[in-house]
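Here's a quick tour of the model, from overall build down to a couple of single residues. Have the viewer open as you read.

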Amino acid sequence: MSTQPDLTAKDFTSSQEVRWCPGCGDYAILKTMTQTLAKLGVKPEETVFVSGIGCASRFPYYMETYGFHTIHGRAPAVATGLKLARPELDVWVVTGDGDGLSIGGNHLLHALRRNVGLNILLFNNEIYGLTKGQYSPTSRLGTRSPSSPDGSIDAPLSPGHFALGAGGRFFARAIDTDKVGLGDVLRQAHEFEGAAFTEIFQNCIVYNQDVFASFTDRKTAAEKQLQLKHDEPMLFGTENKKGMRFNPDTFSLEVIDATEYPDQVLVHNETNKVIAQLLLDITSPMALGVIYKNPADSFEQSWYAARGKGLERKRSVADILRKTDTWTVS
Amino acid sequence: MSNEVVMNSIVVRLAGDSGDGVQLMGSQFIASTALSGEDFSTFPDYPAEIRAPVGTTFGVSAYQMNIGANPITTAGDAPDVLIAFNPAALKVSLPLLDKGALLILNSDSFVARNLTKAGYEKDPRETGELDGYQVVSADIGRLNLEAVKPFGLSKSDGGRSKNFWALGMLMWMFDRDLAPIEQWIRTKFAKLDVVRDANLEALHSGHAYGETAELSEAIPRFNVNVAELPPGEYRGISGSEALALGLAAAGELADRPLMFYSYPITPASPLLHRLARLEDLGVGVMQAEDEIAAVCAAIGASYGGAIGVTSSSGPGIALKTEAIGLAINAELPLVIVNSQRGGPSTGLPTKTEQSDLYQAVYGRNADAPLPVIAASSPSDCFDTAIEAVRIAIRHMTPVILLTDGYLANAAEPWLLPEITSYKAIESNELDSAAEDQNGGMVAFQRNTETLGRPWIAPGEPRRMYRVGGLEKDIRTGNISYDAENHQLMTKLRADKVVRVADFIPDQDTEIGLAQGSVAVVGWGSTHGALYQAVRRLGDTRVSHIHIRHLSPLPKNLGELLAGFDHVLVPEMNMGQLSTVLRDKLGIEPISLPKVTGQPFLINELIAAIRKQLPGPNVKATLSVTQGDRE
């Protein structure tokens, strides 16, 4: 990693006036992002933010880096093409639940299964914001919206299950306003070589306010959030009195009294996909942090390895024009 | 050789089941044709199904080739020789043939079951419907099996070499050297000893059959005149190969990697396959998850400073349309290759049509013009590819390159160009004075002549910029919803395409004078047929004009066409170029549409031109018509 110790969060902030609604969770994410990049010491000119369409997708305009605000759902495809051509760049994809999982579901699926070296951030607010409040693929059953006045009837999609099912090798979760948790996840995503997919619970103050309050509320956070750390026991609650245990009868995770059964508390192993899936099944507490991380060669690494010397031109067209059977007319 | 026929040119059609290996047989025969110094043009005509039910008419795969003295510009109207591997192949091909043609029928396959499948109630060899043709029955299947018997292959495996047996016979008929084909078989089947040896044996056996059988009286031998091609080094080339090499050459001329992202679709896939083998030339290839991903990834590569190219056929281009608009708005270079096919919807995937001209010129939401150019022959795909990349980079715009199923698969001899004779492809330089004044966002300091912006890519410090699909300020590139700015930007995008015409050559005639009675105006793959028709007609009142630059049109085109009483526009659609000419030049062309999925025949074109000409032919004295072969 290149270092430029002199840069601050401000150096990563563009001169553009931010146009999200006052109080939108996106502000907090933007702030943590600029701080994290400054802390990581990355070069702004080697950083690219690629986005699709939606509130979240305005993100690149506010970053003093290279940025490409593309079309609805296609950011992972644009970013894949860019990363393959320029593997040395640090490419971030900013998408939302509608952009990434509805119109762009296919591209997200393929970016994950190929393990393209992208840091993909899904700002999940369970609603369509920019088009004024229709239900999204992550909206809960019965969500009333302008397009579902009687409540939505389609089952919501779980971004984590989607990612693991697609063969994704990195899945993390964070809360928009949780500077520490989000910052740590962003750092790990940045360091992961391959597709790092992060779901950020983002509060839409206008159309879906407090939809995540059951676990994001600071007052009850300790009881409702399971902050995961690799190789550390899955403890939560006031003074870490609670823990998660694997129940072999139901094949699921359950909450136990950690003081009573300290030996039965599971230790988080982020490379274990089965545990990751079980963590995704529980909603209380909500598992946060890096849920699954199991590195393998990234798409571009495999692609370049197969080519030998990268995109360097080893021969001229002139060298091969005459390689096939030719004849001379005199 | 008592039965030798000397010909200036000859049309041979090979037809059989999809699994009979007809395409391979044809391409190998053409390789030998090239080496013997004849001009040629080929046209594979194959079904949409990979292996349609055996023996049916819709499963017939054919390979037609026109070979001989130059100029050969089409695969020929009526075949002089047909090799039919089964009754269905005969049934499908017979309507194309004139009386007197030679039919070589694989008689083993003319059994009741196959005749019924082909829709014959009785054996056509016995009903008199082949009267007037020279019919030769040869037990190709049985003789091949006998030849390969020593290799212990199963009946079905042994049967696979019958295309080589037939090829051997064809090689004898044309007195060709077997050595290049033997070499090819040895290389191709290097790891499969038995298959290699069986194919070689089949080839020799077919050749010996012509040599020794009593049929050598019945099978004529052809002595085809050698072409008078311009001197130089040649190779046979298909449109897909030429396009792939042209794109690679463009990358070299621009000194940038060329990233080709595509999704398989008929008839565009051969380009994907070709480019996948050219990675040594600085070409990167990825098969994307869908058409939209392919174009978006290409745009991503262009944003990163590599030349982004995507390719598809009409239905796929439709899917890419929104992204093409993004490239227009972001002012990024991009080449979109459309190998056109019959439509609408899935249409006729393996048949040729030129019906995506409207889509290319007009087919986007909003005011979103872009340059459109078309290749006119297999070898012309090379130059057209370079030209497309040059325009895209010079004007920082997506360019649509139109080709079609015929061009993609057809082949011809190609006088090899010198790469050093092409000018380097340069991008717009950044005005350093402007850079100092503006500081940050200099990406939109456009060149005043090309209206193209500098191609700034990530990695360059101090030049970081954000861009996207939203309207942007004409100067800074920042998001702008300002009404007046949108008017300016829309005009800029239109002007940019207009400016392309400042950099392209004036339109010239292919044949004939710059004024007269009839201008036969075409574009794309009809070039060969139009050229040959006008040439054969040899009337000084008729000229052939072929348009490469379809948007914008060459600046002098209106003036040129005004010199003719009639503008006849034959095209393989319902009159799309006619509409464009009416729209852009305000003229009233006569449209000659054809949408049968088959190329124009020279005779039908001549008839259509004659209709516009009063009185008898006025014989040409132009040099281009000398050496006419009729």
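## Domains of chain A

The domain bounds used here come from an automatic or database domain assignment. On that basis, in this predicted model, chain A splits into domain 1, covering 9–229 + 270–307, and domain 2, covering 233–267. Measure from centre to centre on the C-alpha atoms and domain 1 of chain A sits 28 Å from domain 2 of chain A.

Where do the two meet? On one side, 11 residues of domain 1 of chain A make contact, and on the other, seven residues of domain 2 of chain A. Helix 8 (221–224), strand 7 (225–227) and helix 9 (273–281) of chain A each put at least two residues into the domain 1 side. Sorted by class, that domain 1 side holds seven nonpolar, two polar and two charged residues.

## A loop residue in chain A

Now zoom in on A:Asn240, which you'll find in the loop between strand 8 (235–236) and strand 9 (242–247) of chain A. Is A:Asn240 buried or exposed? Neither, quite: A:Asn240 has 14 other C-beta atoms within 10 Å, so it counts as partly exposed, given that buried takes 20 or more and exposed 12 or fewer.

Skip the neighbours within four places in sequence, and A:Asn240 has contacts with A:Leu235 and A:Ala258. A:Ala222 is 18 residues away along the chain, and its C-alpha atom is 8.3 Å from that of A:Asn240.

## Chain B overall

Chain B carries 22 helices and 22 strands. Its radius of gyration is 27 Å, close to the 25 Å that the globule rule gives for 630 residues, so chain B is as compact as a globular protein of that length. If you're setting up a box, the C-alpha atoms of chain B take up roughly 90 × 65 × 45 Å along the principal axes.

Of the 630 residues in chain B, 57% are buried. Looking at contacts in chain B with a separation of 6 or more, 76% link residues 24 or more positions apart.

## A strand pair in chain B

Strand 8 (residues 221–224) of chain B has two faces: B:Phe222 and B:Val224 are on the covered one, while B:Arg221 and B:Asn223 are on the uncovered one. This strand pairs in the parallel sense with strand 1 (residues 4–7) of chain B, over four bridges. Within that stretch, B:Arg221 of strand 8 has B:Glu4 opposite.

## Where the chains meet

What does each chain bring to the contact? Chain B gives 57 residues and chain A gives 48 residues. Several elements of chain B supply at least two residues each, among them helix 1 (22–35), helix 10 (239–254) and strand 17 (466–468). Helix 12 of chain B has the largest share of the chain B side, with nine residues. That side breaks down into 36 nonpolar, 11 polar and 10 charged residues.

There's strand pairing across the chains too: strand 12 (residues 326–329) of chain A and strand 9 of chain B run antiparallel, joined by four bridges. In strand 9 of chain B, B:Glu233 is the bridge partner of A:Thr328.

## A loop residue in chain B

Last stop is B:Arg475, in the loop between strand 17 and helix 18 (483–500) of chain B. B:Arg475 is partly exposed, because 14 other C-beta atoms lie within 10 Å. B:Gly239 is 236 residues away along the chain, and the C-alpha atoms of B:Arg475 and B:Gly239 are 42 Å apart.

Conventions. Residues are numbered from 1 along each chain as its sequence is written. Chains are lettered from A and ligands numbered from 1 in the order in which they are written. This is a predicted model: local features need pLDDT of at least 70, side-chain atom pairs count only at pLDDT 80 or more; totals for chains, interfaces and linings use all residues. Two strands pair if DSSP finds at least two bridges between them. Two residues are in contact if their C-beta atoms, placed from the backbone, lie within 7 Å. Ala, Val, Leu, Ile, Met, Phe, Trp, Tyr, Cys and Pro count as nonpolar, Asp, Glu, Lys and Arg as charged, and the others, Gly among them, as polar. The radius of gyration is taken over C-alpha atoms; the globule rule is 2.2 Å times the number of residues to the power 0.38.
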